[in-house]
Amino acid sequence: MALFQIFLISILSSCMAQDEDIMTPVVDIYSELKELKATVDALTVDLNTAKNELAEQKSLIQLQKQIKESPKVAFTASMSSTEDTHRGPFSTETKLIFDKVLTNIGNAYDPVTGVFTAPVKGVYYFRYSGSAFSSHDMGLSIFKGTARFVSSYEFNSGERNDQMSNGAVMELDVGEEVHMRLWIRTWIFVDPRYNYSTFTGYLLYPLDSTSV
């Protein structure tokens, strides 16, 4: 009887040990879930980075397309003369005609009238330079239509030569005009070779009808 009890106890102990093995997980689920979450987080970061890079590439492609399709408008002009001379002084303010075209991409500047006409709605930049002997004052203005926009004035300094320049950014609608004027009782130097006095303008970027 004692041997049977010992045998029975042995069998029961073996079964209990097997039950404990069955209940014990083979894999650490929490560690696996933690690693899986780290992998998902890393993939999410990579995906967001790829999305941002794609958005930047699309913006760059769109900008390149706009630049390629944008109208090309730029000019620089001086005043022609067969000798060193001056325009002015005049008894009234006078429009200056820069008839010696150095650059006129887009042909928006008219060297006959001295007027630039905006071919497209956009933001433009204009600049001028002026030179003169100091026997008289020198005054110059850029006009947008009939309105004075920016100006420069050089009093008789007593030196041999006077120089001046100025520039402005303008928003223009299609057909709006820009030109330069010489102030009353002032003058500006004109030379046949060096182009000291010039009028320049170019389109910075076009604006569509919905731009503000």
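**Figure 1. Secondary structure of the predicted model.** The protein, shown here as a predicted model, contains 2 helices and 13 strands. Of its 212 residues, 28% are buried. Among contacts with a separation of 6 or more, 74% join residues 24 or more positions apart. The accessible surface amounts to about 14000 Å², and carbon and sulfur atoms contribute 58% of that area.

**Figure 2. Close-up of Thr186 in the loop between strands S11 and S12**. Strand S11 spans residues 177–182 and strand S12 spans residues 188–190, with Thr186 in the loop that lies between them. The relative accessible area of Thr186 is 0%, so the residue is classed as buried. A polar atom of the Thr186 side chain lies 2.8 Å from the backbone oxygen of Trp183. Beyond neighbours within four places in sequence, Thr186 is in contact with Arg87, Gly88, Pro89 and Phe90, with Asp137, Met138 and Gly139, and with Tyr153.

**Figure 3. Close-up of Ser151 in strand S9**. Strand S9 comprises residues 147–154 and includes Ser151. With a relative accessible area of 28%, Ser151 is partly exposed, because this value falls between the 20% and 50% cut-offs. The side chains of Ser151 and Ser141 form a polar contact at 2.6 Å. Ser141 also appears among the residues touched by Ser151 when those up to four places away in sequence are not counted; the others are Tyr128, Leu140, Asn166 and Trp183.

**Figure 4. Close-up of the pair Ser151 and Tyr128**. These residues are 23 residues apart along the chain, and their C-alpha atoms are separated by 9.8 Å. Tyr128 is one of the residues that Ser151 touches.

Methods:
Residues numbered from 1 in each chain as written. Predicted model: local features only at pLDDT ≥ 70, side-chain atom pairs only at ≥ 80, totals over all residues. Heavy atoms only, no water. Helix = DSSP H or I, 4+ residues; strand = E, 2+ residues; numbered from the N terminus. Buried < 20%, exposed > 50% of the residue type's maximum accessible area, 1.4 Å probe, protein only. Contact = heavy atoms within 4.5 Å. Areas by Shrake-Rupley, 256 points an atom, 1.4 Å probe, with all protein chains shown as cover. Polar contact = N/O pair within 3.5 Å; in protein donor to acceptor, adjacent residues only side chain to side chain.
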